[in-house]
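Student: Hey, got a minute to go through this one with me? I'd like to start with the core.

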Amino acid sequence: MRKTFDLLFLLVLLLPFPIFFVHAQTSLPTLDGVVKKGEWSGAYQYTIPLTNSENLNLSIIYTSKWIYFLALIPHNKPGDVIRLDPSGLHDYFGIEFDRNGDHKIHGTKQSPDDMVLVNYFRTESQDFYTHSFKVFNDTANGGIENTMGTVGVLNGTLVFEFAKQMNSGDTKGYDIALHSGDSYAVMFGFWDDQPTHSPNVVLNKPIGGDYFLTFTVGSFRDTSSNLLGFILSGIIVVLTAGILVYFKKFRK
Ligand SMILES: [Ca+2]
Ligand SMILES: [Ca+2]
Ligand SMILES: [Ca+2]
C-alpha cells in the first residue's frame, strides 16, 4: 500500500510537466516571419488555389482580441524578387475584408472595404482600407494601425505572419468589426514587383464568379485563459499532493 502511495505521489509531482507542455502547445505564434515547429499547430487550415496556379496555404488562429494569419506562398520562379527592394516596385501580400458585404472587389467611397497589406520594403503589416481601385493607409487618413506582423522567406516560400484586431473600433480606418461566430468574406491578393494599384494582381480563384471566400470566426485561443488554466492546474497538483502526503502520514 505504501509503495502505491509513493508511486502516486511521484506521479502527482510530475504532473506539471505535461500540463506545461500542453500550455506551450496552445500559446500564440510569434509574428517574426519564421515558422517554428508546432508554432501554428491546432490552427484552422485552408489550401486556397490562386489564379497563377499556385496554392496559398493559410492558417488562422482566433483570440478574443486578434486574428492571427499565416500565409505561405511559393515564390521561386525566375523574375521573382524575394529580397528587400528599395526600387519602388515592391511585392505585396494583401487580404481584403468585405466590410460592406457587397462581395465586390474594393469598396465604394461611401463604404470602403478593410484591408491588411504586408510588403517587402517595409517588412511589416499595415492597416489599410480600399475603395475606387485605390488603397488608403489608415494612419495617413485619421485612422489607427491595428495590425502587427511581418514577412520572411524560407526555401523560396514566402512566409507572411501577421495579426489583425477583431474589433478595433477604428471607424476612420474602416476596420471590419468581428465577433465570436461571425462569418466574414475575404479576398487574397498578391502583387509581384508591382505597385498596389496594378491590375496584374494574383488573386484567389473565384468560386461561382465570387472572389470572396467566406470564413467563420472559430473558437478562441486566449493566453489569459491558458494562463488561468495553468495556474488552476498547479493549485490542483499542490492540493492533491497535500492530500497524498496527509494519507501517507496517516497510514504510518
Ligand atoms: Ca513565427
Ligand atoms: Ca485601423
Ligand atoms: Ca483598416
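Tutor: Sure. By nonpolar core I mean a set of buried Ala, Val, Leu, Ile, Met, Phe, Trp, Tyr and Cys residues joined through C-beta atoms within 7 Å. Keep in mind that this is a predicted model.

Student: Ok, so which residues touch the most other members in the largest nonpolar core?

Tutor: F69, A71 and M115 do, out of the 41 residues in that core.

Student: And which strands each supply at least two residues of it?

Tutor: β2 (55-62), β3 (66-74), β4 (92-97), β5 (113-119), β6 (124-131), β9 (157-165) and β10 (183-191). The strand that gives the most is β3, with 7 residues.

Student: What is A71 in contact with, leaving aside its neighbours within four places in sequence?

Tutor: L56, L58, F93 and F160.

Student: Zooming out, how many helices and strands does the chain have?

Tutor: There are 3 helices and 12 strands. The chain runs to 252 residues, and 28% of them count as buried.

Student: What share of the contacts between residues at least 6 apart in sequence join residues at least 24 apart?

Tutor: That share is 61%.

Student: Switching topic: β6 and β7, do they pair in the parallel or antiparallel sense?

Tutor: Antiparallel, over 4 bridges, with β7 covering residues 134-137. One of the bridge partnerships puts H131 with K134 in β7.

Student: Which residue takes a positive phi in that hairpin?

Tutor: S132, with phi near 55°. The hairpin has 2 residues between its strands.

Terms used. Residues numbered from 1 in each chain as written. Chains lettered and ligands numbered in written order. Predicted model: local features only at pLDDT ≥ 70, side-chain atom pairs only at ≥ 80, totals over all residues. Buried ≥ 20, exposed ≤ 12 C-beta atoms within 10 Å, placed from the backbone. Contact = placed C-beta atoms within 7 Å. Pairing = 2+ DSSP bridges.
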